[in-house]
Amino acid sequence: MPETTLYDRSGASVGSVELPEELFAAEVSAAVIHQVVTAQLAGRRTGTHDTRTRGEVRGGGRKPYRQKGTGRARQGSRSAPHYAGGGAVFGPHPRSYEQRLPRKMKRIALRGALTAKLADGAIKIVDDLGPDAVKTRDLVISLTALGGGDGHARRVLLVAPGRDETLQLSARNLPRVEVLQADSLNVVDLVKADLVLIEQPALARMEEVYA
């Protein structure tokens, strides 16, 4: 079973902690992680883009000029695609970009991402992250001590065991700090993070949900 250092809020080592082997010593498949990341990013697209066809643009109800005698090519409507302001050909229309993947594949990718982050030294276990009160400044001090910077330069992912309103409110003005609950982890946020700080009580919840 893998083991790592346990830190406190000030960045000092307070012992060691054993990590679930299923999550932090799993096989890392770059291909599966890439496929899950691609599917997740595709699912975040709204798909509300729309272009007007020649039947939807305004005007074009009469011929621009008579059929014969002008020396020009015959035209039936100014809503045709080759006219300025005419309809678009093969333009995008509202659609869903969702890609359905097996749950097992998502779990494999998540475990692989956690294992890779641990191997890179990008995961730290903290006994307690939440400040005593809603204070962004106190959270920044803790992040700096733990190697996460001031919340503006490095991307930091904070993993809490459950809903922690104090932690969420303290982090909401830090543009590169994301707070997730242990049962709501996703591969994209894990891969993007430069540093993942996990509260020790969250490990049990992660093992229960993802192992």
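**A first look at this predicted model**

Threonine 4 lies in strand 1, which covers residues 3–7. That's our way into a model that is predicted. From there, the tour goes to two helices, a pair of nonpolar cores, the largest pocket and a couple of backbone spots with positive phi.

**Starting at threonine 4**

- Is threonine 4 buried or exposed? Its relative accessibility is 19%, and buried means under 20%, so threonine 4 counts as buried.
- Leaving out residues up to four places away in sequence, threonine 4 touches Ser16, Val17, Leu19 and Ile125.

**Helix 2**

- Helix 2 runs over residues 30–43. It's made of 14 residues and spans 20 Å from first C-alpha to last, close to the 20 Å expected at 1.5 Å a residue.
- Its buried residues are Val32, Ile33, Val36, Val37, Ala39 and Ala42, and they pack against helix 3 and helix 6.
- Glutamine 40 also sits in helix 2. Not counting residues up to four places away in sequence, glutamine 40 touches Asn186, Val187 and Val188.
- Glutamine 40 and arginine 100 are 60 residues apart along the chain, yet their C-alphas are 9.3 Å apart in space.

**Helix 3**

- Helix 3 takes in residues 103–119. With 17 residues, it reaches 24 Å from its first C-alpha to its last, close to the 24 Å you'd expect at 1.5 Å a residue.
- Which residues of helix 3 are buried? They are Arg107, Ala109, Leu110, Gly112, Ala113, Leu114, Thr115 and Lys117, so there are charged names on that list as well.
- The cover over those buried residues includes helix 1, helix 2, strand 3, helix 6 and helix 7.

**The nonpolar cores**

- The largest nonpolar core has 32 residues, and Phe24, Val159, Ile198 and Met206 touch the most other members.
- Plenty of elements chip in at least two residues each: helix 1 (21–24), helix 2, helix 3, strand 3 (123–126), strand 4 (156–160), helix 6 (187–192), strand 6 (195–199) and helix 7 (200–210). Helix 2 supplies the largest share, 5 residues.
- Valine 159 is worth a click: setting aside neighbours within four places in sequence, it's in contact with Leu180, Gln181, Ala182, Leu185, Val196, Leu197, Ile198, Glu199, Ala202 and Met206.
- There's also a second, separate core of 16 residues, with Leu129, Ala160, Leu167 and Leu197 among them.

**The largest pocket**

- How much space lies in the largest pocket? About 290 Å³.
- The lining of this pocket is made up of 15 residues, and those nearest its centre are Val36, Gln40, Leu101, Lys106 and Asn186.
- Helix 2 and helix 3 are the elements that give two or more residues to the lining. Helix 2 gives the most, with 4 residues.
- Sorted by class, the lining has 7 nonpolar, 4 polar and 4 charged residues.
- Two of the names nearest the pocket centre, Val36 and Gln40, have come up already: Val36 is buried in helix 2, and glutamine 40 has its place in helix 2 too.

**Positive phi**

- Phenylalanine 90 is found in the loop between helix 2 and helix 3. Its phi is near 55°, a positive value in a residue other than glycine.
- Is phenylalanine 90 buried or exposed? It's exposed, with a relative accessible area of 83%.
- Glycine 121, just after helix 3, takes a positive phi of about 75°.

Note on methods. Residues numbered from 1 in each chain as written. Predicted model: local features only at pLDDT ≥ 70, side-chain atom pairs only at ≥ 80, totals over all residues. Heavy atoms only, no water. 1 Å grid on protein atoms, 1.4 Å probe; cavity = no way out; pocket = protein on both sides within 12 Å on 5 of 7 lines; lining within 4 Å. Points joined across faces, edges and corners; volume = space filled by probe spheres on them. Core = buried A, V, L, I, M, F, W, Y, C linked by side-chain atoms within 4.5 Å. Buried < 20%, exposed > 50% of the residue type's maximum accessible area, 1.4 Å probe, protein only. Contact = heavy atoms within 4.5 Å. Expected span 1.5 Å × (residues − 1).
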